[in-house]
Amino acid sequence: CVLPGRPLGVIRAEQEDEEGRPRRNDRLVAAAAASHLYRDLHALADVPAHLLDELERFLVTYDAARGRRFTVLGRGDADEARRLVRSGTDPGTESR
């Protein structure tokens with residue numbers, strides 16, 4: 001399924017791999033292009049803080065339930081998210 005959207009930003013993160021080693025695994029945050037509810041969102045700063053906090057807690061809890069650690073390192077803007085999409089590479093190997 002492909003859903004057209006616009007990037008709002010990125011949650012920078014590390015996640016343990018199968019051997020327990022940390023590796024970058026950033027998560028893109030986007031809004032559906034056709035969404036009426038989120039039509040005014042164009043950057044992470046437009047997203048209510050409680051919603052971003054809940055999303056980060058979900059990511060941490062989801063991995064914890066699977067015995068892995070997910071560590072939020074910070075947040076990046078829409079330009080950073082677009083660069084990650086265009087690069088198509090592992091965020092840990094991209095030059096910042």
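**Contacts, core and caps**

Student: Which residue's backbone oxygen lies 3.3 Å from a polar atom of the side chain of His42?
Tutor: Keep in mind that this is a predicted model. His42 sits in the loop between strand 3 and helix 1. The backbone oxygen at 3.3 Å from a polar atom of its side chain belongs to Arg39.

Student: Is His42 buried, partly exposed or exposed?
Tutor: Leaving out residues up to four places away in sequence, His42 touches Arg6, Pro7, Leu8 and Ala78. Even with those contacts, its relative accessible area is 47%. Buried needs under 20% and exposed needs over 50%, so His42 comes out as partly exposed.

Student: How far apart in space are His42 and Ala31, C-alpha to C-alpha?
Tutor: Along the chain, the two are 11 residues apart. In space, their C-alpha atoms are separated by 8.0 Å.

Student: Which element gives the largest share of the largest nonpolar core?
Tutor: That core has 11 residues, among them Leu8, Val29, Leu41, Leu52 and Phe70. Strand 1, strand 3 (27–32) and helix 1 each put in at least two residues. The largest share is 3 residues, and it comes from strand 1.

Student: Which residues of helix 1 and beyond does Glu56 contact, once neighbours within four places in sequence are set aside, and which of them makes a polar contact with its side chain?
Tutor: Glu56 is in helix 1, and at 14% relative accessibility it counts as buried. With those neighbours set aside, it is in contact with Ile11, Val72 and Arg75. The side-chain to side-chain polar contact, at 2.8 Å, is with Arg75.

Student: What kind of aromatic pair do Phe58 and Tyr62 form?
Tutor: A search of the whole structure turns up 1 aromatic pair. In the pair of Phe58 and Tyr62, the ring centres are 5.7 Å apart and the planes meet at 40 degrees. Under 30 degrees would count as stacked and over 60 as edge-to-face, so this pair is tilted.

Student: About how much of a helical turn separates Phe58 and Tyr62?
Tutor: Both belong to helix 1 (residues 49–65). An α-helix has 3.6 residues a turn, so residues three or four places apart point the same way. Phe58 and Tyr62 are 4 residues apart, so their separation is about one helical turn.

Student: Which residue lies over the face of Tyr62?
Tutor: Tyr62 is partly exposed, at 40% relative accessibility. At 3.7 Å from its ring centre, over the face, lies Arg66.

Student: Which residue's backbone nitrogen lies 2.9 Å from a polar atom of the Asp17 side chain?
Tutor: Asp17 is in the loop between strand 1 (5–16) and strand 2 (22–24). With a relative accessible area of 14%, Asp17 is buried. The backbone nitrogen at 2.9 Å from its side chain is that of Glu19.

Student: Within what arc do the buried residues of helix 2 fall, seen down its axis?
Tutor: The buried residues of helix 2 (residues 78–87) are Ala78, Glu80, Ala81 and Leu84. They line one face of the helix, because seen down the axis they fall within an arc of 160 degrees.

Student: Which residue caps the N-terminal end of helix 2?
Tutor: Look at the backbone nitrogen of Asp79, which has a side-chain oxygen 3.2 Å away. That oxygen belongs to the capping residue, Asp77.

Technical notes
Residues numbered from 1 in each chain as written. Predicted model: local features only at pLDDT ≥ 70, side-chain atom pairs only at ≥ 80, totals over all residues. Heavy atoms only, no water. Phe/Tyr/Trp six-rings, centres within 6.5 Å; stacked < 30°, edge-to-face > 60°. Buried < 20%, exposed > 50% of the residue type's maximum accessible area, 1.4 Å probe, protein only. Lys NZ or Arg CZ within 6 Å of the ring centre and 35° of its normal. Polar contact = N/O pair within 3.5 Å; in protein donor to acceptor, adjacent residues only side chain to side chain. Core = buried A, V, L, I, M, F, W, Y, C linked by side-chain atoms within 4.5 Å. Contact = heavy atoms within 4.5 Å. Arc of directions from axis to C-beta.
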